[in-house]
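Student: Could we go through this one together? I'd like to know what stands behind each label.

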Amino acid sequence: MKFALVCGAGGFIGNYIVKQLKREKFWVRAVDIKHHEFDSSAADEFIIADLRDPQACRAIVDRRFDETYQLAADMGGAGYLFTGENDAAVMHNSASIMRFARCNLTGPFNIGSEETVTINQLAAMAMDIAGKRLRIKHVPGPMGVRGRSSANQLIRQSLNWAPSKPLRVGLEKTYAWIEAQVRQARAPQITAA
Ligand SMILES: NC(=O)c1ccc[n+]([C@@H]2O[C@H](COP(=O)([O-])OP(=O)(O)OC[C@H]3O[C@@H](n4cnc5c(N)ncnc54)[C@H](O)[C@@H]3O)[C@@H](O)[C@H]2O)c1
């Protein structure tokens, strides 16, 4: 039997990876600071622990694991994505993560989008998808990183892999989903008398 460790298993991606590993007959130890909010875990063992604590980490890796997935992170705000419509996308992403974990590349490698857009271009793209022409108003606020992009040469050469969908396609899907949520929230609620 193969053994797997999934850190951050109470989260969005970790929970799916545990399910997939169980389908593949792994024995799975799941670790998170909390249980999954909307689902029970398929893991053989679910340990509640804070992975910032070195002692907890040592206790968790008390045996050899064939595969280890580290997904624990303070992401903030991803909870809204927990819907059925997003299941297919998450399963696809989880399958990709597992494929990368099992490939013979050992160092770090990028898997992000190589598309670079300014925030103005992103806003213009969202307006175009919405079929709306609006004025962009820049407001003062905290500034994050000035830009992010992924150099995918290594993964392309090694695994012949590249992200399959352009940003526009993802944004179209995200827009449609958000629009449906807004419509649903605005719809009159009919309750039984
Ligand atoms: N969801 C996405 O679309 C996406 C896209 C790109 C990258 N990622 C990255 O993948 C990773 C996982 O994403 P996710 O969507 O599953 O996030 P998530 O927030 O759903 O899951 C993260 C889990 O980590 C746990 N955690 C946080 N701090 C911990 C700690 N100190 N000890 C133990 N557990 C702790 C949280 O409780 C949570 O259950 C993150 O690094 C995220 O940035 C996610």
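**Labels and their cut-offs**

Student: What makes the length of helix H4 agree with its residue count?

Tutor: H4 covers residues 119–130, which is 12 residues, and at 1.5 Å a residue it should span 16 Å. The expected span is 1.5 Å times one less than the number of residues. The end C-alpha atoms are 16 Å apart, so the two values agree. Right after H4 comes Gly131, with a positive phi near 70°.

Student: What sort of model is this, and how are residues numbered?

Tutor: It is a predicted model: local features need pLDDT of at least 70 and side-chain atom pairs count only at pLDDT 80 or more, while totals for chains, interfaces and linings use all residues. Numbering starts from 1 along each chain as its sequence is written.

Student: How many helices and strands does the protein have, and what counts as one?

Tutor: There are six helices and four strands, running β-α-β-β-α-β-α-α-α-α from the N terminus. They are DSSP runs numbered from the N terminus: H or I of at least four residues for a helix, E of at least two for a strand.

Student: Why is Lys25 called exposed?

Tutor: A residue is exposed if 12 or fewer other C-beta atoms lie within 10 Å of its own, buried if 20 or more do, and partly exposed in between, with C-beta atoms placed from the backbone. Lys25 has 8 within 10 Å, so it is exposed. Lys25 sits in the loop between H1 and S2, and its phi is positive, about 70°, although it is not a glycine.

Student: What is notable about a positive phi there?

Tutor: Most residues other than glycine have a negative phi. Asn160 is another non-glycine with a positive phi, about 55°.

Student: Is Asn160 buried or exposed?

Tutor: Asn160 has 7 C-beta neighbours inside 10 Å, so it counts as exposed. Asn160 lies in the loop between helix H5 (153–159) and helix H6 (167–186).

Student: And why is Gln20 only called partly exposed?

Tutor: Gln20 has 17 C-beta neighbours inside 10 Å, so it falls in the partly exposed class. Gln20 belongs to helix H1. Leaving aside neighbours within four places in sequence, Gln20 is in contact (C-beta atoms, placed from the backbone, within 7 Å) with Ser94 and Met98.

Student: Which residues touch the most other members of the largest nonpolar core?

Tutor: Among its 19 residues, they are Val6, Cys7, Ala9, Ile17, Val18, Val28 and Ala30. Strand S1 (3–7), H1 and strand S2 (27–32) each supply at least two residues of this core, and H1 gives the most, with six. Such a core is a set of buried Ala, Val, Leu, Ile, Met, Phe, Trp, Tyr and Cys residues joined through C-beta atoms within 7 Å. Cys7 also touches Val31, Leu51, Tyr69, Gln70, Leu71 and Ala72, not counting residues up to four places away in sequence.

Student: Which residues come nearest to the ligand?

Tutor: Of the 18 residues around the ligand, those are Gly8, Gly11, Phe12, Ile13 and Ala73. A residue is near if its C-beta atom, placed from the backbone, lies within 6 Å. Helix H1 (residues 12–23) gives the most to this shell, with three residues.

Student: Where do the two domains lie in the sequence?

Tutor: Domain 1 is 3–102 and domain 2 is 119–140 + 149–186, with bounds from an automatic or database domain assignment. Their C-alpha centres lie 27 Å apart.

Notes:
Two residues are in contact if their C-beta atoms, placed from the backbone, lie within 7 Å.
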